[in-house]
Amino acid sequence: MSRLCRPVTRAEAGHGPRECEDLVVAVVRGRRVLNYNEPKAAVLQLTDRVIVIKSTA
């Protein structure tokens with residue numbers, strides 16, 4: 001498993017972190033890191049970055 005910080009895609013913007021194909025554990029908004037289940041992270045913005053866990057298998 002590996003962690004990766006990547007930008008939110010246009011398809012993900014406007015949706016919640018749990019609707020992403022990748023397993024999102026946090027949202028980076030500006031200089032703040034938000035837990036995926038915080039109310040402020042409920043809707044992803046195009047300017048956000050997400051920290052995801054990916055399988056390396």
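Trainee: Where along the chain does K40 lie, and is K40 buried or exposed?

Mentor: One first asks which elements flank a residue and then how much of its surface remains accessible. In this predicted model, K40 sits in the loop that links strand 3 and strand 4. Its relative accessibility is 54%, and because exposed means over 50%, K40 counts as exposed.

Trainee: Which residues does K40 touch, once sequence neighbours are set aside?

Mentor: Leaving out residues up to four places away in sequence, K40 touches R29, R32 and L34. A distance between C-alpha atoms tells you something else, namely how the backbone is placed: K40 and V27 are 13 residues apart in sequence, and their C-alpha atoms lie 9.4 Å apart in space.

Trainee: What can be said of Q45, and where does Q45 lie?

Mentor: Q45 is also a loop residue, placed between strand 3, which covers 32-35, and strand 4, which covers 49-54. With a relative accessibility of 37%, Q45 counts as partly exposed. When residues up to four places away in sequence are not counted, Q45 touches V8, A13 and R29. The C-alpha atoms of Q45 and P7 are separated by 9.7 Å, although these residues are 38 positions apart along the chain.

Trainee: In which loop is T9 found, and how far is T9 from E38 in space?

Mentor: T9 is found in the loop between strand 1 (2-7) and strand 2 (23-29), and its relative accessible area of 36% makes T9 partly exposed. From C-alpha to C-alpha, T9 and E38 are 20 Å apart, with their positions 29 residues apart in sequence.

Trainee: How many helices and strands does the protein chain have, and what pattern do they follow?

Mentor: To read the fold, one counts the elements and then lists them in sequence order. The protein chain has four strands and zero helices, and the pattern read along the sequence is β-β-β-β. The radius of gyration is 10 Å, close to the 10 Å that the globule rule gives for 57 residues, so the chain is as compact as a globular protein of that length. Along its principal axes, the C-alpha trace spans about 30 × 20 × 15 Å.

Trainee: What share of the contacts comes from residues far apart in sequence, and what share of the residues is buried?

Mentor: Among contacts with a separation of 6 or more, 60% are between residues 24 or more positions apart. Buried residues make up 32% of the 57 residues in the protein chain. The accessible surface comes to about 4,000 Å², and carbon and sulfur atoms account for 54% of that area.

Trainee: How many disulfides are there, and why does C20 not form one?

Mentor: The test is the distance between cysteine sulfur atoms, which must be within 2.5 Å. The count comes to zero disulfides. C5 is in no disulfide, and the nearest cysteine sulfur, that of C20, is 13 Å away; seen from C20, the closest cysteine sulfur is likewise in C5, and 13 Å is too far for a bond. As for their surroundings, C5 counts as partly exposed at 35% relative accessibility, whereas C20, at 9%, counts as buried.

Trainee: How many positive and negative charges does the chain carry, and how far apart are their mean positions?

Mentor: Here one averages the places of each kind of charge and compares the two points. The protein chain has 10 positive and 6 negative charges, and their mean positions are 8 Å apart.

Notes:
Residues numbered from 1 in each chain as written. Predicted model: local features only at pLDDT ≥ 70, side-chain atom pairs only at ≥ 80, totals over all residues. Heavy atoms only, no water. Helix = DSSP H or I, 4+ residues; strand = E, 2+ residues; numbered from the N terminus. Rg over C-alpha atoms; globule rule 2.2 N^0.38 Å. Buried < 20%, exposed > 50% of the residue type's maximum accessible area, 1.4 Å probe, protein only. Contact = heavy atoms within 4.5 Å. Areas by Shrake-Rupley, 256 points an atom, 1.4 Å probe, with all protein chains shown as cover. Lys, Arg positive; Asp, Glu negative; His and termini not counted. Charge placed at Lys NZ, Arg CZ, Asp CG, Glu CD.
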